[in-house]
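Biologist: Hi! Could you walk me through this one?
Modeller: Sure, let's have a look together.
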Amino acid sequence: MAKEKNTEKQQELSITVAREEDLSEWYTQVIVKSDLIDYSKVSGCIVYKPRSYQIWEIIQRETDKRFKEAGIQNAYFPLFIPESLLMKEAEHLEGFAPEVAWVTQTGDSELGEKLAIRPTSETIMYDSYSKWVQSWRDLPLRLNQWNNVVRWEFKHSTPFLRSREFLWNEGHTVFATKEEAVAEEKVIIGIYKEILEKYMALYGVVGRKSKNETFPGAEWTHSIECFLPTGKAIQGPDFHHDGQIFSKAFNISFLDEKGERQFAWQNTFAITTRMIGVLIMTHSDDKGLVLPPRLTYNKCVIVPLLFKGKEEAVLEQARKLKERLSSFGAVLDERVGVSPGFKFSEWEIKGMPLRLELGPRDLEQGQIVVVKRHSGEKILVPLSDAEKEVERILNKIQDEMFEKSKAYTLSNRVVCESVGDFEKALAEKKWPVVRWCGDPQCEESLKDLYGVKSNNIPLEQDKVAKGKCVFCSRDASCYAHLCKSL
RNA sequence: GGGGUAAUAGUGUAGCUUGGCCUAUCAUCUGUGGUUUGGGACCAUAGGACCGCGGUUCAAAUCCGCGUUACCCCGCCA
């Protein structure tokens, strides 16, 4: 059987397994065959090829622009963190200790104090913050860095979704009052939500993390959770309010207007390259990658149909068209000796949002054939209106993709009023929403019983929950998403 | 961290059980020449590989050990 498969030429070039059949294999094939990544010699670390790095660049660019508008500045702190610094906040250390990679030697000599490769930068940054913050006039201090972090615990990784090294932003802000710090949540989560919705065409649910799932060292955590076709939910961007936990551990304190010493109030927040994996899982299909137009520089490809004797006329128009569509990063596939069908498939696997076909027949009729990648829909567009129509269609694709993600998520959310409802929803790979107490012990037992944890407690509650937790006898006042997580 | 499977041209693979006929199969790929082109075209010709280290043996792609990497299940994390 395996032999038969390999005799078919298409097999090596295209995705050979349906997403419905084997999601893991499908995912691997999509990211490799669409030329997003390559594996490297380091286990759990991937090469971001240009086609995936540009996605990250766009996420980064758009997020960064909004951070700056909100008054946050970029800085850069060292990759290495001395052991003594990392150990300063006990709960924080406990959360990360198992997955920290250490540098213990240079050349042949041992280091006096070993250096952690940052799993996150609170400790190294707050050591500086404690020096910089002295007066109420030094606040607020709102810095961000775009960098890489290393978390080495797990043995098996999934490119983008879970890897030993990943790229992210880490925002670390300091305020004089709790009110100011807490007010920042709306701004930051608003930015992240806009990036997800407007650029990545992803729908996510904003909510508060349970006590067990709160970031180590934070007072509370808000996150945007996305529901994947695996029937598992995954955490997207997050925002942590640290209260005064770190400011007390690192002595980030200041004299207020009255000359009294106060500890500062802090937040941290992040969006990571994991979102690229969520994007692929959510939007791609059995033909390969599907990218929302706003996440790629090259939004359309022109495939000229070159019949013998008519090549020049078609190519001439195609080249003009490419110029006219340069603001969309139009690519002209002029390769000879490759059939149009081959080109169609290749651009589909790579996720080019729009394909424009131009052949002798189209020249006669003064039109181009426009094909939308995400739906396969073909549209005839007058050649003279190309710029306007391409822009309109690209915007439409962006909207349709977001609506699809939203509809998928909402249609899989199931409000469960009993344990039976909950078990049924899990079995059907839906996303259960349950009246839940949020108690750490209750969450532990849910993990043991069903292998689930809480995703978050939506800030917008569908209805007011009153009564007992569906799983235990404790009082419950809110609904939570509970699910296996990736 | 536990359990399992695997690694052969750029890619996907055959060969391994039973070591020799492997100067390694098939396809794709890359180069060249020609005919084609509205959904993965074809002919001719040339090119390219046994994951690393060690062992067993007259002889290793094949057997053994160690290492590295990938994939799947479980635990933990963005």
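Biologist: Which residue in E7 is the bridge partner of Asn74?
Modeller: That's Asn144. Keep in mind that this is a predicted model.
Biologist: And how do E3 and E7 run, parallel or antiparallel?
Modeller: Strand E3, residues 73-74, and strand E7, residues 141-150, run parallel, with two bridges joining them.
Biologist: How many bridges join E7 to E8?
Modeller: There are 10, and E7 runs antiparallel to E8, which covers residues 165-175. Within that pairing, Asn147 sits opposite Trp168 of E8.
Biologist: Switching to the inside: which residues have the most contacts in the largest nonpolar core?
Modeller: Met200, Cys300, Val434 and Trp436, in a core of 90 residues.
Biologist: What does Met200 touch, leaving aside its neighbours within four places in sequence?
Modeller: Met200 is in contact with Ile195, Met275, Leu279, Pro292 and Leu295. There's also a second, separate core of 17 residues, with Tyr126, Tyr129, Val133 and Ala181 among them.
Biologist: OK, now the RNA. Which residues are closest to strand B?
Modeller: Ser14, Ser43, Gly341, Gly359 and Arg361 are the closest, out of 55 residues that surround RNA strand B.
Biologist: Which element gives the most to that surface?
Modeller: Helix H12, with eight residues. Other elements that supply at least two residues each include helices H1 (2-7) and H3 (23-33) and strand E11 (233-243).
Biologist: And how do the residues of that surface divide into nonpolar, polar and charged?
Modeller: The surface near RNA strand B has 19 nonpolar, 19 polar and 17 charged residues.

Terms used
Residues are numbered from 1 along each chain as its sequence is written. Chains are lettered from A and ligands numbered from 1 in the order in which they are written. This is a predicted model: local features need pLDDT of at least 70, side-chain atom pairs count only at pLDDT 80 or more; totals for chains, interfaces and linings use all residues. A residue is near a molecule or strand if its C-beta atom, placed from the backbone, lies within 6 Å of it. Helices (H or I, at least four residues) and strands (E, at least two) are DSSP runs, numbered from the N terminus. Ala, Val, Leu, Ile, Met, Phe, Trp, Tyr, Cys and Pro count as nonpolar, Asp, Glu, Lys and Arg as charged, and the others, Gly among them, as polar. A nonpolar core is a set of buried Ala, Val, Leu, Ile, Met, Phe, Trp, Tyr and Cys residues joined through C-beta atoms within 7 Å. A residue is buried if 20 or more other C-beta atoms lie within 10 Å of its own, exposed if 12 or fewer, and partly exposed in between; C-beta atoms are placed from the backbone. Two residues are in contact if their C-beta atoms, placed from the backbone, lie within 7 Å. Two strands pair if DSSP finds at least two bridges between them.
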